[in-house]
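Colleague: I have a few quick things to ask about this model before I go back to my own work. Could you put it up so we can look at the ligand together?
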Amino acid sequence: MLIALFILSTIPLPFCTSTIFNQFVNCISNTTSANLSQILLTPNDTSYSTILQSSIQNLRFDTPTTPKPLAIITPLSYSHVQSTVICTVQFGLNIRTRSGGHDYEGLSYTSLHNIPFIILDLNQLRSISVDSKANTAWVESGATLGELSYWVSKKNNLFGFPAGECTSVGVGGQISGGGFGMMARKYGLSADNVIDARVVDVNGRILDRDSMGEDLFWAIRGGGGASFGVVVSWKINLVYVPPIVTVFSLSKTIEGGTQLINKWQHIAHNVTHDLFINLVITPVQLTFNSLFLGTADDLVKTVGDEFPELGLEKKDCIEMSWIESVVYHSVNLRGESIEALVERRPMPKAYFKVKSDYVKKVIPEEALEEILKWDLDLGTNCNAWGTSYGQGMRWGRRYFKGNFKRLAMVKGVVDPTNFFWNEQSIPPLVLSSSY
Ligand SMILES: Cc1cc2nc3c(=O)[nH]c(=O)nc-3n(C[C@H](O)[C@H](O)[C@H](O)COP(=O)(O)OP(=O)(O)OC[C@H]3O[C@@H](n4cnc5c(N)ncnc54)[C@H](O)[C@@H]3O)c2cc1C
């Protein structure tokens, strides 16, 4: 008989004293060849706060009362990542892996609970190497999406990669969480284009696709990396982009908005996959932003044939290279040169709460009316929508649906003691046989 055991996501509460922390630092020192000051920062270091805040995007988790890490480790090599995992396991500390710091709930750099934790910040592991013969690239998790797009396109302007629009997002969080962007209709998610990866597991070993096996390789492509290990690099397939693509950003008044959205959702699935349109709704207007993998003439014809209600004209369209379109669609960079993608300058930050949904059925017109009204209300009542995500298993099932059990089983195999725990991680499902 098979017995399924869920180790409920209990919060590890290690007994942490300064002695344990000192032993942890000694462990790091003994197991790496690096000068400690190059890779380990404690609150006594002057640059601790700067590094901590450097990639925090959500100001809700950058306050004086936000729980802070005992240390920030900034590895320069994979062996530093291995040492960090081995020593944090040995001394019972919690680990938060951070690539680009865009986690909506700040879970890559803080904890909601008062537990001793360290941040493993992969900011310095960001190399990108493109193999233009094989149309593939190895990219380290600490690279940003902007850097990845820039270097891929630099190697060959007919290469691209389907990733999200926000170019400061980190490769590590983006690919392990899925990755949805302007080429998703044509090429799927970022995670769909991964062909290999290197993961440091709970035992400090570096595993590749062969040695980790297909279950773990499946889990880290959409199930979130933080539950399973530290993904240090990814091998990706590059996709073809034409020399000229076309973009537009067309704003419409809210009045009549529901009819427009309604029409789009009825026809979108039949329209060429070269066309992607996203819609941003604000209390005053609707803005349709688009990427078309082709020329302006072809775009105007396609939209004219399929979606004439949008009223798109050639003067609304701008032809450019794909890499220029990446800059165009990155809200904070629009109008700048493509070099802005690799500048790593500080981006505007905000206080935010985000909820997403993936809709497979047409949203009825009345519901669209409600959504538009709700958006208007939101302008005046931001506090209306806060969600408690500490709902453990219920949250997991709602988020991962039919994949949740398989993810929990993978977790049960690769991390049965739940070392890689955070407030939204997958709990281990351990299957044991008994007679
Ligand atoms: C302003 C903004 C715009 C966004 N736009 C898009 C978009 O257009 N499309 C889209 O798909 N998403 C978008 N996102 C969501 C974003 O892709 C996810 O939040 C993603 O997880 C962030 O990755 P990161 O590396 O920047 O974040 P991090 O905060 O560093 O990491 C996010 C999560 O992944 C884990 N993680 C990070 N690196 C690793 C690693 N190497 N190994 C294991 N676990 C790791 C972290 O521990 C954390 O749980 C956006 C987010 C923001 C804040």
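Modeller: Bearing in mind that this is a predicted model, I would start at Asp 103, where a polar backbone atom is 2.9 Å from an oxygen atom of the ligand.

Colleague: And which atom of the ligand does the side chain of Ser 99 lie 2.7 Å from?

Modeller: A polar side-chain atom of Ser 99 is placed at that distance from a nitrogen atom of the ligand, while an N or O atom in the side chain of Ser 108 is 2.6 Å from an oxygen atom of the ligand. Taken alone the ligand exposes 950 Å², of which the protein buries 83%.

Colleague: How does the shell around the ligand divide into nonpolar, polar and charged?

Modeller: There are 15 polar residues, nine nonpolar and three charged. Helix α6 gives the largest share of the shell, three residues, and β4 (94-98) and β11 (230-237) each supply at least two.

Colleague: Changing topic, what does the disulfide join?

Modeller: The structure holds one disulfide, and this bond joins Cys 27 to Cys 87 with an S to S distance of 2.0 Å. The two cysteines are 60 residues apart, with Cys 27 in helix α1 (residues 18-31) and Cys 87 in helix α4 (residues 78-90).

Colleague: Why is it left-handed?

Modeller: The torsion about the S-S bond of Cys 27 and Cys 87 is about -80°, so the disulfide is left-handed. Both Cys 27 and Cys 87 are buried.

Colleague: What about Cys 166 and Cys 317, buried or partly exposed?

Modeller: Cys 166 counts as partly exposed because its relative accessibility is 34%, whereas Cys 317, at 12%, counts as buried.

Technical notes:
Residues are numbered from 1 along each chain as its sequence is written. This is a predicted model: local features need pLDDT of at least 70, side-chain atom pairs count only at pLDDT 80 or more; totals for chains, interfaces and linings use all residues. Side-chain values use heavy atoms; hydrogens and water are left out. A polar contact is a pair of N or O atoms within 3.5 Å; within protein, one must be able to donate a hydrogen and the other to accept it, and residues adjacent in sequence count only if both atoms are side-chain atoms. Accessible areas come from the Shrake-Rupley method with a 1.4 Å probe; for residues, only the protein chains shown count as cover. Helices (H or I, at least four residues) and strands (E, at least two) are DSSP runs, numbered from the N terminus. Ala, Val, Leu, Ile, Met, Phe, Trp, Tyr, Cys and Pro count as nonpolar, Asp, Glu, Lys and Arg as charged, and the others, Gly among them, as polar. A disulfide is a pair of cysteine sulfur atoms within 2.5 Å. Buried means under 20% relative accessible area, exposed over 50%, partly exposed in between (1.4 Å probe, protein chains only).
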